[in-house]
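Trainee: I should like to understand how the descriptive terms applied to a model are justified. May I put some questions to you?

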Amino acid sequence: MRENQKIKCVNCDKEFDVTLDTKPFCSKRCSYIDLNNWLGEKYSIHINEDDYEKDV
Ligand SMILES: [Zn+2]
């Protein structure tokens with residue numbers, strides 16, 4: 001059984017230890033970056049189309 005297996009971060013391609021609980025990211029920073037990327041896109045589209053028209 002290998003204990004120091006490495007996998008690649010899905011955000012920055014950096015190799016990191018598979019035992020980290022931040023996987024599939026090398027760090028919490030990368031997981032937040034990835035989350036913000038797709039959350040940010042969804043919310044900005046939603047806000048632009050919905051709230052701006054109803055704005056008083
Ligand atoms: Zn990373």
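The discussion below takes the terms one at a time.

Mentor: Please bear in mind that this is a predicted model. The protein chain has 1 helix and 2 strands, and from the N terminus on the order is β-β-α.

Trainee: Why is Cys26 called buried?

Mentor: The term requires 20 or more other C-beta atoms within 10 Å. Cys26 has 22 such atoms, and therefore it is buried. Cys26 is found in the loop between S2 and H1.

Trainee: Which residues does Cys26 touch, leaving aside those up to four places away in sequence?

Mentor: Cys26 touches Cys9, Cys12, Lys14 and Phe16. A contact here means that the C-beta atoms of two residues lie within 7 Å. A separate figure concerns Asn11: its C-alpha is 8.2 Å from that of Cys26, although 15 residues separate the two in sequence.

Trainee: What share of the protein chain counts as buried?

Mentor: Of its 56 residues, 4% count as buried.

Trainee: What makes Lys8 count as exposed?

Mentor: A residue is exposed if 12 or fewer other C-beta atoms lie within 10 Å. Lys8 has 12 C-beta neighbours inside that distance, so it counts as exposed. Lys8 is found in strand S1, and its contacts, apart from residues up to four places away in sequence, are Asp13 and Glu15. The C-alpha atoms of Lys8 and Val18 are separated by 8.8 Å, with the two residues 10 apart along the chain.

Trainee: Is Asp13 buried or exposed?

Mentor: Asp13 has 8 C-beta neighbours inside 10 Å; because the limit for exposed is 12 or fewer, Asp13 counts as exposed. Asp13 is found in the loop between strand S1 (6-8) and S2.

Trainee: What is noted about the phi of Asp13?

Mentor: The phi of Asp13 is near 70 degrees, a positive value in a residue other than glycine. Most residues other than glycine have a negative phi.

Trainee: Which two residues does a cis peptide bond join?

Mentor: The bond joins Lys23 and Pro24, and its omega is about 10 degrees. Most peptide bonds are trans. Pro24 is found in the loop between strand S2 (15-17) and helix H1 (28-54).

Trainee: How many of the contacts between residues at least 6 apart in sequence join residues at least 24 apart?

Mentor: In the protein chain, 3% of those contacts do so.

Terms used. Residues numbered from 1 in each chain as written. Predicted model: local features only at pLDDT ≥ 70, side-chain atom pairs only at ≥ 80, totals over all residues. Helix = DSSP H or I, 4+ residues; strand = E, 2+ residues; numbered from the N terminus.
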